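Student: I have a structure to work through and would like to go over it piece by piece. Can we start once it is on the screen?

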Amino acid sequence: MSSPINTERVTTFPNAILESTRFEMARDPSVILMGLGITDHIGILGTTKGLVDEFGPDRVIETPLSEDSVTGVAVGAAMAGLRPIHIHIRMDFLMLCMNQLVNMAAKAHYMYGGTVRVPMVVRAVIGKSWGQGAQHSQGLHALFMHVPGIKVVAPSNAHDAKGCLAAAVRDNNPVLFVEHRLLYRTESAVPSADYCVAAGRARVCRRGSDVTLVGVSVMLLECLRAAELLEDAGISAEVIDPIWLAPLDSATIVESAGRTGRLVVVDTGWTSCGAAAEIVARTVETARSDRAIRVRRMGYAAATCPPTPVLEDLYYPNSARIAEAAYALVRPEGPVWRAAADKAEMAYAQEFRGPF
Amino acid sequence: MYQATEDPAIIERIYRSLRVIRRVEEEIARLYPSDKIKSPVHLSIGQESVAVGVCDPLNGDDFASGTYRGHATYLAKGGDLNAMMAELFGKSTGCAGGKAGSMHLIDIQNGVLGASAVVGTTIPVSVGFALAFKREGKGRVVACFFGDGATEEGVFAESLNFAALHRLPVLFVCENNGYAIHAPLSARWATDRLRERVATYGIPTHFVPDSDTFVLRDVVEETLPELRSGRGPVFVECLTYRWREHVGPSEDYDGGYRTRPEAEPWLRCDPVEVAGARLEAGTRTRIDADVEDAIAAAIGFAEQSPDPDPSELLADVFAD
């Protein structure tokens with residue numbers, strides 16, 4: 001796996017996706033794109049812009065609003081030897097694709113005795129703010145983590161977006177590629193050369209000794225800021241980016257949590273039966289039994305996302321709340337600690353710039 | 001006036017295919033109480049002509065997708081009989097090593113692209129195969145079989161539109177047996193103008209009201225050049241009748257949802273008998289004997305094959 005450290009060029013998350021897509025399409029003529037809006041002037045927030053001119057409408061296929069059928073077409077095309085990337089401007093639309101993804105894409109290789117493969121990528125963007133509300137903001141990746149046969153990846157930065165997309169396209173299985181809209185503003189060091197960020201490997205982004213923070217997708221940025229807040233309060237936080245949620249690199253998280261004895265997992269999704277619940281459960285199941293690990297899941301409030309800003313601010317975890325939760329795990333007997341109010345602003349509002 | 005083929009080779013081939021399917025399923029029904037077959041079975045007895053009529057003119061490298069009532073499609077397209085029987089027995093030598101059962105038969109080598117137990121699911125998957133075939137440019141086609149119930153699924157309309165929009169080489173075959181499980185068309189369709197619905201997508205439609213094997217075969221054969229040349233999908237509706245119960249080996253005319261008199265006209269034009277009557281007696285006897293030998297061998301193969309190794313439980317969850 002390439003490291004984002006010590007590279008020179010910096011680019012944005014959508015540029016990294018565009019670059020990776022273009023490279024994979026040039027490298028492998030079996031790669032095709034499908035989706036609504038992939039050939040227009042916006043090009044899925046820039047991630048597909050210009051590709052139809054470069055590769056033609058037979059490989060960059062504008063689709064009708066037929067998510068169920070188009071997903072099935074992608075499954076069939078993949079079984080027949082193509083490598084489709086099906087793109088959804090909002091993850092919420094995946095609910096229209098569930099039959100094909102769960103009953104066919106995930107199962108075909110197993111159900112057909114290994115005689116077919118389904119190498120397809122489903123790109124899905126999670127929205128937030130500006131009134132995205134109930135049906136444009138959901139982080140539904142845990143639904144897919146539940147199903148054997150689908151891989152799930154949620155890169156938190158442009159470097160990993162490029163490398164994970166390359167890995168996903170070359171994978172011989174269906175891969176759900178989760179993109180958080182807020183990450184589209186971020187930049188990080190991205191090598192111009194081709195590379196993969198391999199499935200099933202987490203990254204320790206910051207070393208620490210008192211508590212382990214695991215942040216999924218955009219919540220990784222909040223965890224990194226929370227670690228800074230905790231440092232001011234005299235607490236050393238280790239921060240881990242799982243990158244791939246399925247397969248999940250449990251070993252890296254178990255090693256860290258076993259050492260710190262405290263684990264906070266922050267998801268961009270609900271906590272009930274969610275990614276955070278799964279990561280916590282796997283960690284405590286497999287950690288050494290001689291030291292109990294104190295755990296905390298964080299994620300969306302157990303409600304439908306409200307668009308009004310006052311309620312929406314309460315709906316999402318932020319760095320201050322993460323830091324406060326971690327502090328309480330480290331010093332359960334101590335007085336309640338509050339991060340400064342001005343630090344509660346979400347990391348995206350701080351114009352995050354990588355590399356880490 | 002339609003003239004059925006007089007080509008003896010075609011008549012023999014069609015009869016053999018019909019006879020194999022009928023006798024395989026009768027044997028499945030006979031074996032069923034023994035509990036050797038560890039899978040729910042949806043028998044196509046009575047409906048064999050649809051699969052045989054459509055698949056006979058296809059090439060070996062064309063593909064067909066079936067439904068959970070898919071034994072006929074699998075066998076008519078050339079799926080391996082031994083591998084099918086072993087699959088029903090849950091053996092390691094089955095077409096999917098015991099992971100498919102009756103409802104997901106597949107034989108990629110012979111162009112059987114697999115079946116689904118969720119109605120309509122294989123329709124867009126077939127369209128996806130056709131998309132790949134169009135890009136490939138070798139003129140291969142996909143015959144996509146589905147029942148009348150599948151036409152009620154939204155994905156059917158979506159798939160018709162997509163296939164027509166992109167002029168994909170799909171032969172949509174509606175095997176209309178009049179019932180979705182036990183619910184009749186009258187409880188499900190606002191009108192029976194299915195072909196008109198399909199035609200609004202610009203798709204040519206055909207109708208074979210009795211699913212006569214030879215008529216259907218010729219309809220399909222005539223459409224294949226346009227399918228192969230990239231002019232887009234074709235739709236054919238075949239009226240047919242399921243003789244046995246929805247799932248399981250028995251008849252169910254006492255179930256209250258249909259009557260024996262309703263079935264009588266269909267029973268009288270048994271497609272196996274219709275084809276058999278066109279053969280010399282000696283030829284028919286010889287084919288029947290061959291078929292019995294092949295089925296006995298397949299059952300023997302299934303019985304003698306080993307069970308899957310326990311390690312298979314977690315094998316092939318992901319492809320390498």
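Student: Which domains does the domain assignment of chain A give?

Tutor: Keep in mind that this is a predicted model. The assignment splits chain A by residue ranges. The ranges are 10–189 for domain 1 and 203–350 for domain 2.

Student: How many residues does each domain of chain A bring to the contact?

Tutor: The centres of the two domains, taken over C-alpha atoms, are separated by 27 Å. The domains do touch, and each side can be counted. Domain 1 of chain A gives 26 residues and domain 2 of chain A gives 24 residues.

Student: Which elements give two or more residues to the side of domain 1 of chain A that touches domain 2 of chain A?

Tutor: By class, this side has 14 nonpolar, nine polar and three charged residues. The elements behind it include two helices and two strands of chain A. They are helix H6 (141–145), strand E6 (151–153), helix H7 (158–170) and strand E7 (175–180).

Student: From which helix does the largest share of the largest nonpolar core come?

Tutor: In soluble globular proteins, nonpolar side chains tend to be buried together. The largest nonpolar core here has 198 residues, and among those with the most contacts inside it are Val153(A), Val266(A) and Leu171(B). The core draws at least three residues from each of domain 1 and domain 2 of chain A. Its largest share, nine residues, comes from chain A, from helix H8 (residues 219–232).

Student: Which residues is Val266(A) in contact with, leaving aside neighbours within four places in sequence?

Tutor: Val266(A) is one of the residues with the most contacts inside the core. Its partners include Ala276(A), Met298(A), Gly299(A), Pro317(A) and Ile322(A). The others are Leu213(A), Val214(A), Gly215(A), Val216(A), Met219(A), Glu222(A) and Cys223(A).

Student: Is Asp28(A) buried or exposed?

Tutor: Asp28(A) sits in the loop between helix H1 (13–27) and strand E2 (31–35) of chain A. Its C-alpha atom is 8.8 Å from that of Arg83(A), 55 residues apart along the chain. A residue with 12 or fewer C-beta neighbours within 10 Å is taken as exposed. Asp28(A) has 12 such neighbours, so it counts as exposed.

Student: What is the radius of gyration of chain B?

Tutor: Chain B has 11 helices and eight strands. The globule rule gives 20 Å for 320 residues, and the value for chain B is close to this, so chain B is as compact as a globular protein of that length. Its C-alpha atoms fill a box of roughly 50 × 50 × 45 Å along the principal axes. The radius of gyration is 19 Å.

Student: Which element supplies the largest share of the side of chain B that touches chain A?

Tutor: In this contact, 34 residues of chain B meet 34 residues of chain A. Strand E2 (112–116), H5 and helix H6 (154–165) of chain B each supply at least two residues of the chain B side. The largest share is 10 residues, and the element is H5(B).

Student: How many residues of H5(B) are buried?

Tutor: Helix H5 of chain B covers residues 122–136 and reaches 21 Å from its first C-alpha to its last, close to the 21 Å expected. Just after the helix, Gly137(B) takes a positive phi of about 75 degrees. H5(B) is mostly covered, and the count of buried residues is 13 of 15.

Methods:
Residues are numbered from 1 along each chain as its sequence is written. Chains are lettered from A and ligands numbered from 1 in the order in which they are written. This is a predicted model: local features need pLDDT of at least 70, side-chain atom pairs count only at pLDDT 80 or more; totals for chains, interfaces and linings use all residues. A nonpolar core is a set of buried Ala, Val, Leu, Ile, Met, Phe, Trp, Tyr and Cys residues joined through C-beta atoms within 7 Å. A residue is buried if 20 or more other C-beta atoms lie within 10 Å of its own, exposed if 12 or fewer, and partly exposed in between; C-beta atoms are placed from the backbone. Helices (H or I, at least four residues) and strands (E, at least two) are DSSP runs, numbered from the N terminus. Domain bounds come from an automatic or database domain assignment. Two residues are in contact if their C-beta atoms, placed from the backbone, lie within 7 Å. The expected span of a helix is 1.5 Å times one less than its number of residues. The radius of gyration is taken over C-alpha atoms; the globule rule is 2.2 Å times the number of residues to the power 0.38. Ala, Val, Leu, Ile, Met, Phe, Trp, Tyr, Cys and Pro count as nonpolar, Asp, Glu, Lys and Arg as charged, and the others, Gly among them, as polar.
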